[in-house]
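Me: I should be grateful for a close look at a single part of this protein, set in the context of the whole chain. Please give a connected account that I can follow with the structure in view.

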Amino acid sequence: SVLTNVERRRVLLTPLELSRFDADHPLLGAVLVLDVSFDGLDSAQPEATSKDRPVLVVAGSSEELLVRPIYSSQSSTRTIFQPWRRVGLDHVSFIDGSRMVVPYAPGGTLRHLGRLTAREWNALG
């Protein structure tokens, strides 16, 4: 039989992440645009320390979100983000394998692009 009701795979969190974040946070699987800090210095804009970037929420708390950043360029740690077009991104995008913590204010305004389906979530590497 064909499975039409696919169940979303549970996110695997480290013990430290489990102590800080809820793996069933309401924003789990959401693609948001958030202000993300740079890892290093951008030689073209040395004064810039962060930029608005699409991210996938993998867990959250009342003050922070655990996210995987989404980029427009490929690298050895990134894989193609298959639902890029469906969530409203205007170019092929790549999701990073690493996770980062970003501040979150539940009452604040979020730029919400969409939410991954269970199949899309389960297909992520």
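Reply: Strands, as the word is used here, are DSSP runs of E with at least two residues, numbered from the N terminus. By that convention D96 belongs to strand β5, which covers residues 94–96. D96 is the part examined here, and the model in which it is examined is a predicted one.

The chain as a whole provides the setting. It contains 2 helices and 7 strands, and from the N terminus on these elements follow the order α-β-β-β-β-β-β-β-α. The C-alpha trace spans about 55 × 35 × 30 Å along its principal axes. The radius of gyration is 15 Å, which agrees with the value near 14 Å that a compact globule of 125 residues would have. Of the 125 residues, 40% count as buried. Among contacts between residues at least 6 apart in sequence, 64% join residues at least 24 apart.

Is D96 buried or exposed? Its relative accessible area is 6%, and because buried means under 20%, D96 counts as buried. The side chain of this residue has polar partners. One polar contact, at 2.9 Å, is with the side chain of T77; another, at 2.5 Å, is with the side chain of S98. When residues up to four places away in sequence are set aside, D96 touches R68, P69, Y71, T77 and R78. T77 therefore appears both as a polar partner of the D96 side chain and in this list of contacts, where the cut-off is heavy atoms within 4.5 Å.

Two of the residues that D96 touches, Y71 and R78, are also related to each other. R78 lies over the face of Y71, at 3.6 Å from the ring centre. A further arrangement of this kind involves R8, whose charged end sits over the ring of W121, 5.7 Å from its centre. As for pairs between aromatic rings, the structure holds 0.

W121 leads to the nonpolar interior. In soluble globular proteins, nonpolar side chains tend to be buried together. The largest nonpolar core has 19 residues, and V31, L56, F81, L116 and W121 are those with the most contacts inside it. Strands β2 (50–60) and β3 (64–71) each supply at least two residues of this core, and the largest share, 3 residues, comes from β2. L56 touches G29, A30, V31, L66, V67, R68, I70, I95, L116, W121 and L124, again leaving out residues up to four places away in sequence. R68 is thus a contact of L56 and also a contact of D96. A second, separate core has 12 residues, including L32, L65, V67 and M100.

Finally, the C-terminal segment may be placed relative to D96. G125 lies in the segment after α2 (118–123) and, with a relative accessibility of 80%, counts as exposed. Although G125 and D96 are 29 residues apart along the chain, their C-alpha atoms are separated by 9.4 Å. Buried D96 and exposed G125 therefore fall on opposite sides of the accessibility limits, under 20% and over 50%. A position between these limits is found in the loop between α1 (15–20) and β1 (30–37), where D22 is located. D22 counts as partly exposed at 38% relative accessibility, and beyond its neighbours within four places in sequence, D22 is in contact with A59 and G60.

Terms used: Residues are numbered from 1 along each chain as its sequence is written. This is a predicted model: local features need pLDDT of at least 70, side-chain atom pairs count only at pLDDT 80 or more; totals for chains, interfaces and linings use all residues. Side-chain values use heavy atoms; hydrogens and water are left out. A nonpolar core is a set of buried Ala, Val, Leu, Ile, Met, Phe, Trp, Tyr and Cys residues joined through side-chain atoms within 4.5 Å. Buried means under 20% relative accessible area, exposed over 50%, partly exposed in between (1.4 Å probe, protein chains only). Helices (H or I, at least four residues) and strands (E, at least two) are DSSP runs, numbered from the N terminus. Rings of Phe, Tyr and Trp (its six-membered ring) pair if their centres lie within 6.5 Å; planes under 30 degrees apart count as stacked, over 60 as edge-to-face and the rest as tilted. A charge sits over a ring if NZ of Lys or CZ of Arg is within 6 Å of the ring centre and within 35 degrees of the ring normal. A polar contact is a pair of N or O atoms within 3.5 Å; within protein, one must be able to donate a hydrogen and the other to accept it, and residues adjacent in sequence count only if both atoms are side-chain atoms. The radius of gyration is taken over C-alpha atoms; the globule rule is 2.2 Å times the number of residues to the power 0.38.
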